[in-house]
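I opened the model to look up two residues and their surroundings. My notes follow.

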Amino acid sequence: MKMVNEATTNTDTNTSICGVLIHARQQDIDSVNEQLVSIKGVEVHATTDEGHLVVTIESDRAGEAGNILMHLHQIPGVVSASLVYQFTDEFQDIAEEVSQ
């Protein structure tokens, strides 16, 4: 059985899913969409004519989803990228280990 504090420090392989709302300049929607879908772990679910894109980021490595989110701000044409949902299975793993 692992101690809780040991489990919390082992964050190398935790699934992370982030929901992100991106606001892009209207004239750049197509190029922003193309760049987003080329990023591993990024999926575009919806776009609007006004420049909003609904995106998810999925990662199995600790910190990678956050790094991708920060990268989204650097894409030409992106005005903002807002995290609206975040899930990680780290706490689920801890609960399972503690209960064993």
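In which strand is Ser59 found? I looked it up in this predicted model: Ser59 belongs to strand β3, which covers residues 52-59.

Next I checked whether Ser59 is buried or exposed. Its relative accessibility is 4%, and because the cut-off for buried is under 20%, I entered Ser59 as buried.

I then listed what Ser59 touches, leaving out neighbours within four places in sequence. The contacts are Asn14, Thr15, Ser16, Glu64 and Ala65. With Glu64 there is also a polar contact between the two side chains, at 2.6 Å. I noted a further polar contact from the side chain of Ser59, to the backbone nitrogen of Arg61 at 3.1 Å.

Second entry: Arg25. Where does Arg25 sit? I found Arg25 in the loop that runs between β1 (16-24) and α2 (29-37).

I looked up the accessibility of Arg25 and got a relative accessible area of 41%. Since partly exposed lies between the cut-offs of 20% and 50%, I recorded Arg25 as partly exposed.

Which residue's side chain makes a polar contact with the side chain of Arg25? I found Asp28, at 2.6 Å. Setting aside residues up to four places away in sequence, I listed Gly77 and Val79 as touching Arg25.

Last, I checked a C-alpha separation. Arg25 and Gly51 are 26 residues apart along the chain, and their C-alpha atoms are separated by 5.8 Å.

Technical notes
Residues are numbered from 1 along each chain as its sequence is written. This is a predicted model: local features need pLDDT of at least 70, side-chain atom pairs count only at pLDDT 80 or more; totals for chains, interfaces and linings use all residues. Side-chain values use heavy atoms; hydrogens and water are left out. Helices (H or I, at least four residues) and strands (E, at least two) are DSSP runs, numbered from the N terminus. Buried means under 20% relative accessible area, exposed over 50%, partly exposed in between (1.4 Å probe, protein chains only). Contact means heavy atoms within 4.5 Å. A polar contact is a pair of N or O atoms within 3.5 Å; within protein, one must be able to donate a hydrogen and the other to accept it, and residues adjacent in sequence count only if both atoms are side-chain atoms.
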